[in-house]
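Visitor: I have a model open on the bench computer and a pile of "why do you call it that" questions. Could you walk me through it?

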Amino acid sequence: MTGTTVRTRSADETRDVGRATAGLVHPGDVIVVVGDLGSGKTTFVQGLATGVGIAEHVVSPTFTIAREYVGSVRLVHVDVYRLERAQEFLDLGLEDLADDAVLVVEWGDVAAGYLPADHLAVQLTPGPSADPDERTVSLTATGPSWGARQDAVAAALDAR
Amino acid sequence: MTLLLAMDTATPRVAVAIGEDARVLGSVYLDARRRHAEVLVPAVASLCEQTGVELRQLDAVAVGVGPGLFTGLRVGVTTAKVMGQALDVPVVAVSSLDLVAHPLRFAGRTIAAVLDARRHEVFHAQYRPGPDGVELVTEYRVGPAAELVTELAAGGEDVVLAGDGVRTNRAAFESLRRAVDAGQEFEAPSATALVELAARRVARQEFAASFEVAPLYLRASDAELAWGNRR
């Protein structure tokens, strides 16, 4: 499946992409956010959180592993950066914790076998220019539920 | 005579029974949602009181080890292991899917035990019915409900569906022509079945040391996460 790709020129613009995505999420959704350190994963999630009405400042859960926020939906924000083994990931009990929440997993692709195939993958890459603030953001929806929303993802990003 | 405590917490419904050999002295089912830790031990205490059984009289503890929802499963398995150690009695581990299938052993058709794994996925296994019990004919598996439906449709057998995963994925299962739904009564793993199945194992001395008992995860939990050289 081809995703939707946009270019952002600042953290604020990356935040806007997150905020634009917020209109498409439902409880039970899974969003996997992928990109190197400093690529803007948490920045994207901050925009998403604002978009679902979360006023609290979203910070990276690298050390706390998981944080929960409540807006128009419950948002469970997970970062697996400090996890090594699948067992540790399973020990989070996300299927219960995030059952009726939107589950956002930073670095989630390393745990792909333990997350539903039905999800939105957000990939952040620096560039393509040498501008250190520029990012290429690709949003790829897979599975029956998210797959049907790929066009809506494109439309929401166009309208941002 | 063997006194047995049986507990299953693989689903939002906590099931507890106390058995004298294979005979159930009492059982209780409580909708715990996510509050398994708060519900389980008081339920055990209350059932002990009602049946006049004291914990120190127990000869074995039986536990449903899933597959099932992690939060609940952890509570049940940990409680069983702690009781096993504290009381110095063996722990008998039985799959929670077996506990869904066993009450349907007289159904006369293939039994598909289906427990909710959230997000349109189910834990499932199929069984051949028999008067003495059910026989597992597949592995314990986890996957999209839609995949199980496709597989059952292709198999073309008459099948009875049981477990809470049928209700939570009703739209997927409704398309199956040769399937009947066992309904609410058979939704949760049966504590009565656990007493029966565990009593047989105790009689055959088929039990593990309590520290060897672990939840059935199905998703390979001993693997490394796929970091490659990215960190």
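Visitor: How many helices and strands are there in chain B, and what makes a stretch count as one?
Guide: Chain B has 7 helices and 11 strands. Each is a DSSP run, a helix being H or I over at least four residues and a strand E over at least two, numbered from the N terminus. This is a predicted model, where local features need pLDDT of at least 70 and side-chain atom pairs count only at pLDDT 80 or more, while totals for chains, interfaces and linings use all residues. Residues are numbered from 1 along each chain as its sequence is written, and chains are lettered from A and ligands numbered from 1 in the order in which they are written.

Visitor: How do you know whether chain B agrees with a compact globule?
Guide: The radius of gyration is taken over C-alpha atoms, and the globule rule is 2.2 Å times the number of residues to the power 0.38. For 231 residues that gives a value near 17 Å, and chain B has 18 Å, so the two agree. The C-alpha trace of chain B spans about 55 × 50 × 30 Å along its principal axes.

Visitor: Into which domains is chain B divided?
Guide: Domain 1 is 3-96 + 189-212 and domain 2 is 100-186; the bounds come from an automatic or database domain assignment. Their centres, over C-alpha atoms, are separated by 24 Å. Where they touch, domain 1 of chain B puts in 10 residues and domain 2 of chain B puts in 8 (contact: C-beta atoms, placed from the backbone, within 7 Å). The domain 1 side has 5 nonpolar, 5 polar and no charged residues. Here Ala, Val, Leu, Ile, Met, Phe, Trp, Tyr, Cys and Pro count as nonpolar, Asp, Glu, Lys and Arg as charged, and the others, Gly among them, as polar.

Visitor: Why do β3 and β5 of chain B stand at the edges of the sheet?
Guide: The open sheet runs β3-β2-β1-β4-β5 (chain B), with mixed pairing. Strands pair if DSSP finds at least two bridges between them. β3 (23-31) and β5 (91-94) of chain B each have a single partner strand, so one side of each lacks a neighbour in the sheet. From one strand to the next, the twist averages 15°.

Visitor: What makes β2 and β3 of chain B a pair?
Guide: β2 (residues 13-20) of chain B and β3(B) share 8 bridges in the antiparallel sense, set against the required at least two. B:Ala17 sits opposite B:Ser27, and B:Ala15 has B:Tyr29 as its bridge partner. In their hairpin, with 2 residues between the strands, B:Asp21 takes a positive phi near 55°.

Visitor: Why is the crossing of α1(B) and α2(B) called right-handed or left-handed?
Guide: A crossing is left-handed if the near helix is turned anticlockwise from the far one by less than a right angle, and right-handed if clockwise. This crossing is right-handed. The helices pack at about 35°, their axes 9 Å apart; axes are lines fitted to C-alpha atoms, for helices over the stretch in contact, and angles run from 0 to 180 degrees between N-to-C directions. The contact includes B:His36 and B:Leu40 of α1(B) and B:Gly72 and B:Val75 of α2(B). By class, the residues of this contact are 4 nonpolar, 5 polar and no charged.

Visitor: How many residues does each chain give to the contact between chains A and B?
Guide: Chain A gives 20 residues and chain B gives 19. On the chain A side, α3(A) gives the most, with 4 residues.

Terms used
Two residues are in contact if their C-beta atoms, placed from the backbone, lie within 7 Å.
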